[in-house]
Amino acid sequence: MSIDSPSITFIGGIHGLERIGCQLILSFLNGLIQKCYWNSVLLDSLRKITINFIPMANPAGIYFKRRGNIHNVDLMRNAPIDSKEKTAWLVGGHRISSYLPWYRGKKNVIEIENETIIDYVKKYLFPRPFNLILDCHSGFGLHDRIWFPYAKSKKYPISDIGKLFYLRKMFFLSHPHHNYIFEPQSQHYLCHGDLWDYLYDLSQSSNRIILPLTLEMGSWAWIKKNPLQIFNSLGFFHPIKNHRIKKVINNHNILFNFLIDIVMNYSNWYENSHLPLYRKKAMTKWYK
Ligand SMILES: [Zn+2]
């Protein structure tokens, strides 16, 4: 596919305990491949868009069943960017010890996994006219959330806040029975070293278009339905019972397909999303 096409990238497994994100992406990829054998509409569509899959961004974390990578660094706290506001204690990233979760790693050292993603974004996404990223996580709250930057600031929105508000509106109108909460990550906690904050800022300073989204699946709902799973090493972040794994994977297909559609058709809506009205609405909703 030519570098002139818009792209969407699905990323999973940045946190090694959150392996449902990897399963979700691999299952979607498998379905897409199977459909390519007989679906000519899909094959035509794939000529207009590039779909990238990075299902396991932190293989050592997955192997050792830990949040961080081989050095126990939390890859979502390791990007070279600091919050200037008050971050959540420990959870917001720290350099106290690699034995504690949310460890940022040594100062000025970007871990190889993050370096690879940064290089990939610069080399393969920056030249494209439009890029969307969906990074799949699990572990926060009872609800499924779609988050967007910043994670570093409650005071300042990203400059594309109006476009994201518009995208949210399109999703809510297309799928009125959805169960997602769609909001800036900073509504909940602030942190240092967020990879998407860093890459978003880099795209802005390079005059490139990247909209990074995070799917944060509400794992507490799985624990509520099956409290005994907290005794499983993955229980806080992963559905354990087979029927629940199937349900979770099926639930998010709607979101994946919607995001592919909006990337493929970005030229039909992207200009509208520039209207100051949407920025104003977003500011009123989240940054009063
Ligand atoms: Zn995570």
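Let me start with a definition: donors here are N, O and S atoms within 2.8 Å of the metal, or 3.2 Å for Na, K and Ca, and because water is not among the atoms, sites may look incomplete. With that in hand, hello everyone, and here is what we have. This is a predicted model, in which local features need pLDDT of at least 70 and side-chain atom pairs count only at pLDDT 80 or more, while totals for chains, interfaces and linings use all residues. Residues are numbered from 1 along each chain as its sequence is written, and side-chain values use heavy atoms, with hydrogens and water left out.

So, the zinc ion. Its protein donors are H15 through ND1, E18 through OE, listed twice, and H137 through ND1, and they lie 2.1 to 2.6 Å from the ion. Along the chain, the donor residues follow the spacing H-x2-E-x118-H. What is the geometry of the site? The angles among the four donor atoms run from 55 to 150°, and the site is irregular. For the rule: four donors count as tetrahedral if all angles lie between 85 and 135 degrees; four count as square planar, and six as octahedral, if opposite donors are over 155 degrees apart and all others between 65 and 115; anything else is irregular. For reference, ideal angles are 109.5 degrees for four tetrahedral donors. Both H15 and E18 are buried, where buried means under 20% relative accessible area, exposed over 50%, and partly exposed in between, using a 1.4 Å probe and protein chains only.

Next, helix 6. Helices (H or I, at least four residues) and strands (E, at least two) are DSSP runs, numbered from the N terminus. Helix 6 spans residues 195-205, and eight of its eleven residues are buried. Among them are L195, W196, D197 and Y198. What covers them? The cover on the buried residues includes strand 1 (7-12), helix 4 (112-125), strand 3 (131-138) and strand 6 (210-217). At the start of the helix, a side-chain oxygen of D194 comes within 2.9 Å of the backbone nitrogen of W196. After the helix comes N207, in the loop between helix 6 and strand 6. N207 is not a glycine, yet its phi is positive, about 60°. N207 counts as exposed, at 72% relative accessibility.

N207 has company: W102, also not a glycine, has a positive phi of about 70°. W102 sits in the loop between helix 3 and helix 4 and is partly exposed, at 23%. There is a cis peptide bond too, joining P149 and Y150, with omega about 10°. As background, most residues other than glycine have a negative phi, and most peptide bonds are trans.

On to the packing. A nonpolar core is a set of buried Ala, Val, Leu, Ile, Met, Phe, Trp, Tyr and Cys residues joined through side-chain atoms within 4.5 Å. The largest one has 50 residues, and those with the most contacts inside it are I8, F10, L132, L134, L213, L259 and W269. Helix 9 (residues 253-264) gives the most to this core, eight residues. Apart from this core lies another, of 20 residues, including I11, I14, L75 and W196.

Now the rings. Rings of Phe, Tyr and Trp (its six-membered ring) pair if their centres lie within 6.5 Å; planes under 30 degrees apart count as stacked, over 60 as edge-to-face, and the rest as tilted. That rule gives 21 aromatic pairs. F148 and F182 have ring centres 6.1 Å apart and planes at 55°, so they form a tilted pair. F148 is in strand 4 (residues 144-148) and F182 in strand 5 (residues 180-184), so the pair ties together parts 34 residues apart in sequence. Y166 and W269 are stacked, because their planes are at 15°, with centres 6.3 Å apart.

Last stop, N69: buried or exposed? N69 counts as buried, at 0% relative accessibility, and is found in the loop between helix 3 and helix 4. Its side chain reaches the backbone nitrogen of H71 at 3.0 Å, and a polar contact of 3.0 Å joins the side chains of N69 and E113. A polar contact is a pair of N or O atoms within 3.5 Å; within protein, one must be able to donate a hydrogen and the other to accept it, and residues adjacent in sequence count only if both atoms are side-chain atoms. Thanks, everyone!

Conventions: Contact means heavy atoms within 4.5 Å.
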